[in-house]
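Please read the following report alongside the sequence and the three-dimensional view. It takes up helix packing, a buried charged residue, aromatic pairs and backbone angles in turn.

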Amino acid sequence: MLKKSVEDLLNRQIEREGYSSILYLSMASWAETRGYAGVAEWLYAQAEEEKMHMLKIIRYINKKSGKAIIPSFDRPPAEFEGLKIMFDQVLEHEQYITGSINEIVAETEKEKDYSTNNWLQWFVSEQVEEESSVQAIIDKLDLVGDHNLYMFDRDIMSMRTEKGGE
Ligand code: FEO
């Protein structure tokens, strides 16, 4: 049985993971319409992963006899100023998500909910992975500047580390 405060924070995280998914979908669509096929592919895959994260939390809450609430989502921005600025926004968003996961971890410690704490470790590792892969993309973009975006777009999918949503 989940403590109310842990359940509430997990429900809050459903909304945050779901918003991440539609934010990346919106970025993917923007990139696709500008001819960045590789970047769009990367973001579509990322959007799918975020959906898996959301689903994982929904199912966990229900499995622990809580009640997962499916929220509505804010509309994500539809326009982005450029690839570099957009990936800076992705990193900033992932840092925010890391902070949000850490808050749930802290609450499980406070409530001595060690099983949820243990279950959350997957998300803790996932955030390390995601922040580092986005940072690598930003470093690459800094390196190529505005001149070699064609090659950057062609190669971005090879920078993706394969991982499942489980
Ligand atoms: Fe599910 Fe990228 O945080």
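## Helices, rings and two loop residues

In this predicted model, K112 is found in the loop between α3 and α4, the latter spanning residues 114-144. K112 has a positive phi of about 55° although it is not a glycine, and at 58% relative accessibility it counts as exposed, because the cut-off for that class is over 50%. Another residue with this backbone feature is S65, which is not a glycine and yet has a positive phi of about 65°. The place of S65 is in the loop between α2, residues 37-63, and α3, residues 83-110, and S65 is likewise exposed, with a relative accessible area of 52%. As background to both cases, most residues other than glycine have a negative phi.

The helices that flank the loop with S65, namely α2 and α3, also pack against each other, for their axes come within 13 Å and cross at roughly 15°. Because angles under 35 degrees count as roughly parallel, α2 and α3 are described as roughly parallel to each other. Their crossing is left-handed. On the side of α2 the contact is made by V39, W42, L43 and E50, and on the side of α3 by L83, M86, F87 and E94. Sorted by class, this contact of α2 with α3 has 6 nonpolar residues, no polar ones and 2 charged ones.

How do α1 and α3 pack? Helix α1, which covers residues 4-33, and α3 have their axes 10 Å apart and pack at an angle of about 170°, and α1 and α3 are therefore roughly antiparallel to each other. In the contact of α1 with α3 there are 15 nonpolar, 7 polar and 6 charged residues.

One of the residues in the contact between α2 and α3 is E50, and this glutamate deserves a separate look. Is E50 buried or exposed? At 1% relative accessibility, E50 counts as buried, because the limit for that class is under 20%. E50 lies in helix α2 and, leaving aside residues up to four places away in sequence, touches E17, S20, S21, Y24, E94 and E130.

Turning to the aromatic side chains, the count comes to 6 aromatic pairs. Two of these pairs are set out below.

| Pair | Distance between ring centres | Angle between planes | Arrangement |
|---|---|---|---|
| W30 and Y36 | 6.4 Å | 35° | tilted |
| Y60 and W119 | 3.9 Å | 15° | stacked |

Y60 lies in helix α2 and W119 in helix α4, so this stacked pair ties together parts that are 59 residues apart in sequence. Y60 is buried, with a relative accessible area of 7%, and W119 is also buried, with a relative accessible area of 18%. These two residues belong to one aromatic cluster, which is formed by Y60, W119, W122 and F123. In the tilted pair, W30 is buried as well, with a relative accessible area of 5%.

Note on methods
Residues are numbered from 1 along each chain as its sequence is written. This is a predicted model: local features need pLDDT of at least 70, side-chain atom pairs count only at pLDDT 80 or more; totals for chains, interfaces and linings use all residues. Side-chain values use heavy atoms; hydrogens and water are left out. Helices (H or I, at least four residues) and strands (E, at least two) are DSSP runs, numbered from the N terminus. Buried means under 20% relative accessible area, exposed over 50%, partly exposed in between (1.4 Å probe, protein chains only). Contact means heavy atoms within 4.5 Å. Axes are lines fitted to C-alpha atoms, for helices over the stretch in contact, and angles run from 0 to 180 degrees between N-to-C directions. Angles under 35 degrees count as roughly parallel, over 145 as roughly antiparallel, 65 to 115 as roughly perpendicular and the rest as oblique. A crossing is left-handed if the near helix is turned anticlockwise from the far one by less than a right angle, and right-handed if clockwise. Ala, Val, Leu, Ile, Met, Phe, Trp, Tyr, Cys and Pro count as nonpolar, Asp, Glu, Lys and Arg as charged, and the others, Gly among them, as polar. Rings of Phe, Tyr and Trp (its six-membered ring) pair if their centres lie within 6.5 Å; planes under 30 degrees apart count as stacked, over 60 as edge-to-face and the rest as tilted.
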